[in-house]
Amino acid sequence: MKLICIFIALLILITQISMVVCKTRNHVPAVIVFGDSSVDSGNNNKIATLLKSNFKPYGRDFEGGRPTGRFCNGRVPSDFIAEAFGIKKNIPAYLDPAYTIDDFVTGVCFASAGTGYDNATSDVLNVIPLWKEVEYFKEYQEKLRVHVGKEKANYIISEALYLISLGTNDFLENYYIFPTRQFHFTESQYQDFLVDIAENFVKKIYSLGARKLSITGLIPMGCLPLERAINIFGDHDCNEKYNNVAKQFNVKLENMISKISKELPQLKALSANPYHIFNDIITRPSFYGFEEAEKACCSTGTFEMSYLCSDKNPLTCKDANKYVFWDAFHPSEKTNRIASNHLIPKLLATFR
């Protein structure tokens, strides 16, 4: 009888411990995305801009072989990350009329190709500025509370994983092309300017309920096919000046994340630095199963992006899996998968 009582007591204790573990275990009910073309899943389709990719050959390796507005032959990193968390295979674009609030309960994308931290960057090609992405987020929250109720909506908002991927366009489509910012900032000062905007953005969405953030830094942007093409005096090698700026910016972004994590007690923020994995893929393409890292699959692989990437051009490659880059500015789906798989274990360990 005594042994039975001890057994029952132990069983009750184990059950209570299990209940506590279940209650305290981190869970990610949704993935919410802010950013640029690296994660845009089709928002630019519905705005007045020339920067679109809702036509073939974009999306030719996506499910159903359909162009979605993703600047890729297939899926983008946020899709792979959402799938790794067991949420959904693809994150829908907020402005896509094919989806409703019911689809957005477990994930939504506010990203816009061509945008940046700097409002002036979004003006270049008339795309959605970051502040507008935040306004869409507010609108989404209102719809979510009506759809699932206030309590459940607040749970989704606070426990969701927020993916943020911005910055490349600020340098390559703004700072290095137009003189306005160069008159006001040195490269280092412009980095600081962008990091300050990133910090304010994090504080803003934190005030709106976001608690779990992954903030992506810059890839070796000097090695993009577009930058190689215009680096005539450097024999079309990578532009190491741009690469160094990317590395410096990533360090400053990481320092900001560390600082703000101490200031916001409930914030759990992860610095997702993609520079090293991309650099390794670019410098050792054969190790990852690629045949070409300098030119992109789309057309001649030099200046092609958006409408310059034509399905009718006979030079567009047949197998994008052989190419690190899909078009002159964006990685192929295979590269996105490899880079995502490199990050996912860290994300799962931090947020799951």
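# A guided tour from helix α2 outwards

Select Ser78 to begin, a residue placed in helix α2, where helices (H or I, at least four residues) and strands (E, at least two) are DSSP runs numbered from the N terminus. The model is predicted, and local features are given at pLDDT of at least 70, side-chain atom pairs at pLDDT 80 or more, while totals for chains, interfaces and linings use all residues. Residues are numbered from 1 along each chain as its sequence is written, and side-chain values use heavy atoms, with hydrogens and water left out.

**Ser78 and helix α2**

Ser78 counts as buried because its relative accessible area is 1%; buried means under 20% relative accessible area, exposed over 50%, and partly exposed in between, with a 1.4 Å probe and protein chains only. Now display what surrounds this residue: when neighbours within four places in sequence are left aside, Ser78 is in contact with Val33, Val39, Ile91 and Leu163, contact meaning heavy atoms within 4.5 Å. A C-alpha distance to draw here is the one from Ser78 to Ile164, which comes to 9.5 Å although the two residues are 86 residues apart along the chain.

Extend the selection to the buried residues of α2, which are Ser78, Asp79, Phe80, Ile81 and Ala82. Their cover includes β1, β3 (161-165) and α13 (333-351). Step just past the end of α2 and you reach Gly86, whose phi is positive at about 70°.

**The loop before α2**

Select Arg75 next, in the loop between β1 (31-35) and α2 (77-84). Is Arg75 buried or exposed? With a relative accessible area of 6%, Arg75 is buried. A polar atom of the Arg75 side chain lies 3.5 Å from the backbone oxygen of Asp79, one of the buried residues of α2. Not counting residues up to four places away in sequence, Arg75 touches Phe62, Arg70, Phe80, Glu83, Lys89, Asn90, Glu333, Asn336 and Arg337.

Staying in the loop between β1 and α2, move to Lys46, which at 49% relative accessibility counts as partly exposed. Outside its neighbours within four places in sequence, Lys46 is in contact with Lys52, Leu95 and Pro97. The C-alpha atoms of Lys46 and Tyr94 are 9.9 Å apart in space, with their positions 48 residues apart in sequence. Pro57 also has its place in the loop between β1 and α2, and the peptide bond that joins Lys56 and Pro57 is cis, with omega about 15°.

**The nonpolar cores**

For the interior, select Tyr117, Phe137 and Tyr140, the residues with the most contacts inside the largest nonpolar core, which has 75 residues; a nonpolar core is a set of buried Ala, Val, Leu, Ile, Met, Phe, Trp, Tyr and Cys residues joined through side-chain atoms within 4.5 Å. Centre the view on Phe137, which touches Ile32, Phe34, Phe110, Ile157, Tyr162, Ile205 and Leu208 when residues up to four places away in sequence are not counted. Apart from this core lies another, of 19 residues, among them Val31, Ile91, Leu270 and Ile344. Ile91 was already met as a contact of Ser78.

**Helix α12**

Select α12 (residues 275-283), whose buried residues are Tyr275, Ile277, Phe278, Ile281 and Ile282. An α-helix has 3.6 residues a turn, so residues three or four places apart point the same way. What do the buried residues of α12 pack against? They pack against α10 (225-230), α11 (240-263) and α13.

**Out to the surface**

Turn to Asn126, in the loop between α4 (119-124) and α5 (130-148). Asn126 has a positive phi of about 55° although it is not a glycine, and its relative accessible area of 47% makes it partly exposed.

Then select Phe178, in the loop between α7 (168-175) and α8 (179-184), which is partly exposed at 37% relative accessibility. Together with Val124 and Ile177, Phe178 makes a nonpolar surface patch of about 240 Å².

**Zooming out**

With the full chain in view, the secondary structure comes to 13 helices and 5 strands. Of the 352 residues of the protein, 54% count as buried. Among contacts with a separation of 6 or more, 71% are between residues 24 or more positions apart.

Notes. Polar contact = N/O pair within 3.5 Å; in protein donor to acceptor, adjacent residues only side chain to side chain. Patch = residues over 30% accessible without salt bridge, like charges linked within 9 Å, V, L, I, M, F, W, Y side chains within 5 Å. Areas by Shrake-Rupley, 256 points an atom, 1.4 Å probe, with all protein chains shown as cover. Salt bridge = Lys/Arg side-chain N within 4 Å of Asp/Glu carboxyl O.
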